[in-house]
Amino acid sequence: MSGADARLLALGLTLPQPTPTHYSYLPALRHGATVYVAGQIPKLSADTLLVQGLVGEQVDEAQAREAVRLCVLHALSWVAHHAQGSLDAVEQVLRVNYFFQVGERASTRLSSIADTGSELLTAVFGQQGEHPRSVIGVRELPRDAPVLVSMDVALAAAAEPRSPAR
């Protein structure tokens, strides 16, 4: 094992199993060499979240950072699922969107909290993990999640699925 998969393990991290949704959307879609990952919330299991509530109120900064890390790992799990099981196929992280559920006393440190995910992507992929991003505070997220992360990732041409025999 080399590359991104090895760096993830060296960080002491493993990818969770891709968690299917109960709703009418795809958690991730591969189109050509790009994987589009829908918003991931910090799931411990299909029905349990790491933490719930508003960032800066029920959820402190440390919990929000851990939730971001878990969301990014779930997103990468879907990328690996669509890349023949390996993150080594990632050519470039194209874009990441961080959404934080906030209340009246919204934290002004949302960008700093989002850095947890961005730094993880750079640690795993090096320069290919550097990406543009958006950090957005919202009033409500699904299942009272404090964080939701979506991303788009380009895969190397070698990771293209083989055409079926005709």
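## Why these labels fit

Mentor: This predicted model holds five salt bridges.

Trainee: What makes the meeting of Glu 61 and Arg 65 a salt bridge?

Mentor: Set the value against the cut-off. The side chains of Glu 61 and Arg 65 meet at 2.9 Å, N to O. A salt bridge needs a side-chain nitrogen of Lys or Arg within 4 Å of a carboxyl oxygen of Asp or Glu, so the label holds. Side chains of opposite charge can pair when their charged atoms come close.

Trainee: Where do Glu 61 and Arg 65 lie?

Mentor: Both lie in helix 2, four residues apart. That is about one turn of the helix.

Trainee: Why are helix 2 and helix 3 called oblique to each other?

Mentor: Look at the angle. The axes of helix 2 (residues 61-81) and helix 3 (residues 110-125) cross at roughly 40°. Under 35 degrees would count as roughly parallel, and 65 to 115 as roughly perpendicular. Roughly 40° fits neither range, so the two helices are oblique. Their axes come within 8 Å, and the crossing is right-handed.

Trainee: Which residues meet there?

Mentor: From helix 2, they include Val 68, Val 72 and Leu 76. From helix 3, they include Ile 113, Leu 120 and Phe 125. The residues of this contact divide into 10 nonpolar, three polar and three charged. Glu 61 and Arg 65 are among those on the helix 2 side.

Trainee: Now the sheet. What is the order of its strands?

Mentor: The order is 1-2-7-5-6, in an open sheet of five strands.

Trainee: What makes strand 1 and strand 6 edge strands?

Mentor: Strand 1 (28-31) and strand 6 (133-138) each pair on one side only.

Trainee: How do you know that the pairing is mixed?

Mentor: Follow strand 5 (residues 90-101). Strand 5 runs parallel to strand 6, joined by six bridges. Strand 5 pairs with strand 7 in the antiparallel sense, over nine bridges. Two strands pair if there are at least two bridges between them, so both of these pairs qualify. Parallel and antiparallel pairs both occur here.

Trainee: Which residues are bridge partners?

Mentor: Phe 100 partners Gly 137 in strand 6. Asn 97 partners Ser 134, also in strand 6. Phe 99 partners Leu 148 in strand 7.

Trainee: How does helix 3 run against strand 5?

Mentor: At about 160°. Over 145 degrees counts as roughly antiparallel, so that label fits helix 3 and strand 5. Helix 3 also lies across strand 6 and strand 7.

Definitions and conventions: Residues numbered from 1 in each chain as written. Predicted model: local features only at pLDDT ≥ 70, side-chain atom pairs only at ≥ 80, totals over all residues. Heavy atoms only, no water. Axes fitted to C-alpha atoms, helices over the stretch in contact; angles between N-to-C directions. Left-handed = near helix turned anticlockwise from the far one by under 90°. Contact = heavy atoms within 4.5 Å. Nonpolar A, V, L, I, M, F, W, Y, C, P; charged D, E, K, R; others polar.
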